[in-house]
Amino acid sequence: MGGVLFVNPDAGSADSDCDVFRAAGVTVEVLDDPSALEDRVRKAVEAGVSPVGALGGDGSVRCVAEVAAPAGATVIVAPGGTRNHFAKELDLADFEAAAD
């Protein structure tokens, strides 16, 4: 099963073009309700989806990692927040690096 990237519409870069992820075979889903992120990630992981990620800030990445990593799913770290501290620590400066 292909991966999924949940987009937090309230994130700093949520209006960014996600075509690089789609080209990598990742489904991009915009969340109507950002507070539903944890539940959506949990359902995806339970369905066997991997990788799983969120286009959002450090809080969104943390939420995905807390659910996906213990289940053995790969976590997509997409620099889509305002400061992107975690993505910067991984040298993921842009979407192309994150999609790789």
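Here are some exercises with worked solutions on the predicted model shown above.

**Exercise 1: the overall fold**

Task: Work out how many helices and strands the protein chain has, and which pattern they follow along the sequence.

Solution:
- Start by counting: the protein chain has 5 helices and 4 strands.
- Next, walk along the sequence, and you'll read off β-α-β-α-β-α-β-α-α.
- Now check how compact the chain is. Its radius of gyration is 12 Å, close to the 13 Å from the globule rule for 100 residues, so the protein chain is as compact as a globular protein of that length.
- For the outer dimensions, picture a box along the principal axes: the C-alpha atoms fill roughly 30 × 25 × 25 Å.
- Finally, look at contacts with a separation of 6 or more: 59% of them join residues 24 or more positions apart.

**Exercise 2: inside and outside**

Task: Find what share of the residues is buried, and describe the exposed surface and the charges.

Solution:
- Of the 100 residues, 43% count as buried.
- The chain exposes about 5300 Å², and carbon and sulfur atoms supply 46% of that area.
- Then tally the charged side chains: 7 are positive and 17 are negative. The centres of these two sets lie 5 Å apart.

**Exercise 3: the cysteines**

Task: Explain why Cys 18 and Cys 63 don't form a disulfide.

Solution:
- Recall what's being looked for: a disulfide is a covalent bond between the sulfur atoms of two cysteines.
- The cut-off for calling one here is a sulfur pair within 2.5 Å.
- Now compare: the sulfur of Cys 63 is 17 Å from the closest cysteine sulfur, which belongs to Cys 18, and that's too far for a bond.
- So the count comes to 0 disulfides by the 2.5 Å rule.
- As for their surroundings, Cys 18 is buried at 6% relative accessible area, and Cys 63 is buried at 12%.

**Exercise 4: Phe 21**

Task: Say where Phe 21 sits, whether it is buried or exposed, and which residues it contacts beyond its sequence neighbours.

Solution:
- Locate it: Phe 21 is part of helix 1, residues 19–23.
- With a relative accessible area of 1%, Phe 21 is buried, since the cut-off for buried is under 20%.
- Set aside neighbours within four places in sequence, and Phe 21 still contacts Leu 5, Val 26, Val 28, Ile 76, Ala 78, Phe 95, Ala 98 and Ala 99.
- For a distance check, take Arg 40: it is 19 residues from Phe 21 in sequence and 18 Å away in space, C-alpha to C-alpha.

**Exercise 5: Glu 38 and Ser 60**

Task: Place Glu 38 and Ser 60 in their helices, then work out how each is exposed and what each contacts.

Solution:
- Glu 38 belongs to helix 2, residues 37–46, while Ser 60 belongs to helix 3, residues 58–68.
- Glu 38 is partly exposed at 41% relative accessible area, whereas Ser 60 is buried at 9%.
- Leaving out neighbours within four places, Glu 38 touches Cys 63 and Val 67.
- With those neighbours left out again, Ser 60 touches Asn 8, Leu 37 and Ala 54.
- One more distance: Glu 38 and Ala 65 are 27 residues apart along the chain, and their C-alpha atoms are separated by 9.8 Å.

**Exercise 6: a residue in a loop**

Task: Find where Asn 84 lies, and decide whether it is buried or exposed.

Solution:
- Asn 84 is in the loop between strand 4 (75–79) and helix 4 (85–89).
- Its relative accessibility is 13%, so Asn 84 counts as buried.
- Not counting residues up to four places away, Asn 84 touches Gly 56, Asp 58 and Pro 79.

Notes. Residues are numbered from 1 along each chain as its sequence is written. This is a predicted model: local features need pLDDT of at least 70, side-chain atom pairs count only at pLDDT 80 or more; totals for chains, interfaces and linings use all residues. Side-chain values use heavy atoms; hydrogens and water are left out. Buried means under 20% relative accessible area, exposed over 50%, partly exposed in between (1.4 Å probe, protein chains only). Helices (H or I, at least four residues) and strands (E, at least two) are DSSP runs, numbered from the N terminus. The radius of gyration is taken over C-alpha atoms; the globule rule is 2.2 Å times the number of residues to the power 0.38. Contact means heavy atoms within 4.5 Å. Accessible areas come from the Shrake-Rupley method with a 1.4 Å probe; for residues, only the protein chains shown count as cover. Lys and Arg count as positive and Asp and Glu as negative; His and the chain ends are not counted. The place of a charge is taken as NZ of Lys, CZ of Arg, CG of Asp or CD of Glu.
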